[in-house]
Amino acid sequence: MKFCLALISLLLCCAQILAIYECPSICPAVFSPVCGEANIKGRLVRCQFSNSCRLGVSACKYGINWRETSNCSGLSPYCRALAN
Ligand SMILES: *[C@@H]1O[C@H](CO)[C@@H](O)[C@H](O)[C@H]1NC(C)=O
């Protein structure tokens, strides 16, 4: 049982690391802000990205299904981690 859990967490960890390497991370340094919102663990999280390319990178890296929105109010404190 313990071995199983260890194996599962190892797989999860590596899948995440691989995902980060597989995501394109180079975006043009264009400032054309877009906001995205997504449900993360049942909470609506809204973040602003400096352009839609960065939104795509975040979606790929963290597996977040961002929907573009024009409502940029109430940005989440998690954005620093998710939107850079
Ligand atoms: C934007 O979202 C906030 C809260 O998340 C909400 O109170 C507000 O009504 C929304 N504005 C629009 C234009 O939808």
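**Figure 1. Valine 45 is found in strand β2.** The structure shown in this and the following views is a predicted model. Valine 45 counts as buried because it has 20 C-beta neighbours inside 10 Å, and a residue is called buried if 20 or more other C-beta atoms lie within that distance of its own. Leaving out residues up to four places away in sequence, valine 45 touches Glu37, Ala38, Ile40, Ser76 and Tyr78. Tryptophan 66 is 21 residues apart from valine 45 along the chain, and the C-alpha atoms of the two are separated by 9.2 Å.

**Figure 2. The protein chain combines three helices with three strands.** From one end of the sequence to the other, these elements follow the pattern α-β-β-α-β-α. The protein chain has 84 residues, and buried residues make up 14% of them. Among contacts with a separation of 6 or more, 60% are accounted for by residues 24 or more positions apart.

**Figure 3. Three strands form an open sheet in the order β2-β1-β3, with antiparallel pairing.** The edge strands are β2, residues 43-49, and β3, residues 67-69, each of which pairs on one side only. On average, and with direction ignored, neighbouring strands of this sheet are turned by 35 degrees against each other. In general, the strands of a sheet pair through backbone hydrogen bonds, in either a parallel or an antiparallel manner.

**Figure 4. Strands β1 and β2 form a hairpin with two residues between them.** Lysine 41, which lies in the turn, has a positive phi of about 50 degrees. The two strands pair in the antiparallel sense over seven bridges. One of the residues to be located in this view is isoleucine 40, whose bridge partner in β2 is arginine 43.

**Figure 5. Strand β1 also pairs with β3 in the antiparallel sense.** Strand β1 comprises residues 34-40, and three bridges join this strand to β3. Glycine 36 has glutamate 68 as its bridge partner in β3.

**Figure 6. Helix α2 lies across β1, β2 and β3.** This helix comprises residues 52-62 and runs at about 135 degrees to β2. Within α2, the residues Arg54, Leu55 and Ser58 are buried. Seen down the axis of α2, its buried residues fall within an arc of 105 degrees, and therefore they line one face of the helix. The buried residues of α2 pack against all three strands, β1, β2 and β3, and also against α3, residues 79-82. Just after the helix, glycine 63 takes a positive phi of about 65 degrees.

**Figure 7. The largest nonpolar core is made up of eight residues.** Its members are Cys35, Val45, Cys47, Phe49, Leu55, Trp66, Leu82 and Ala83. Strand β2 supplies the largest share of this core, namely three residues. In soluble globular proteins, nonpolar side chains tend to be buried together. Two core members already met in the earlier views are Val45 and Leu55: valine 45 belongs to strand β2, whereas Leu55 is one of the buried residues of α2.

**Figure 8. Alanine 83 is in contact with several residues beyond its neighbours in sequence.** With neighbours within four places in sequence left aside, the contacts of alanine 83 are Cys47, Gln48, Phe49, Arg54 and Ser58. Of these, Cys47 and Phe49 belong, like alanine 83, to the largest nonpolar core, while Arg54 and Ser58 are buried residues of α2.

Methods
Residues are numbered from 1 along each chain as its sequence is written. This is a predicted model: local features need pLDDT of at least 70, side-chain atom pairs count only at pLDDT 80 or more; totals for chains, interfaces and linings use all residues. Two strands pair if DSSP finds at least two bridges between them. Helices (H or I, at least four residues) and strands (E, at least two) are DSSP runs, numbered from the N terminus. Axes are lines fitted to C-alpha atoms, for helices over the stretch in contact, and angles run from 0 to 180 degrees between N-to-C directions. Two residues are in contact if their C-beta atoms, placed from the backbone, lie within 7 Å. A nonpolar core is a set of buried Ala, Val, Leu, Ile, Met, Phe, Trp, Tyr and Cys residues joined through C-beta atoms within 7 Å. A residue is buried if 20 or more other C-beta atoms lie within 10 Å of its own, exposed if 12 or fewer, and partly exposed in between; C-beta atoms are placed from the backbone. The arc is that of the directions from the helix axis to the C-beta atoms.
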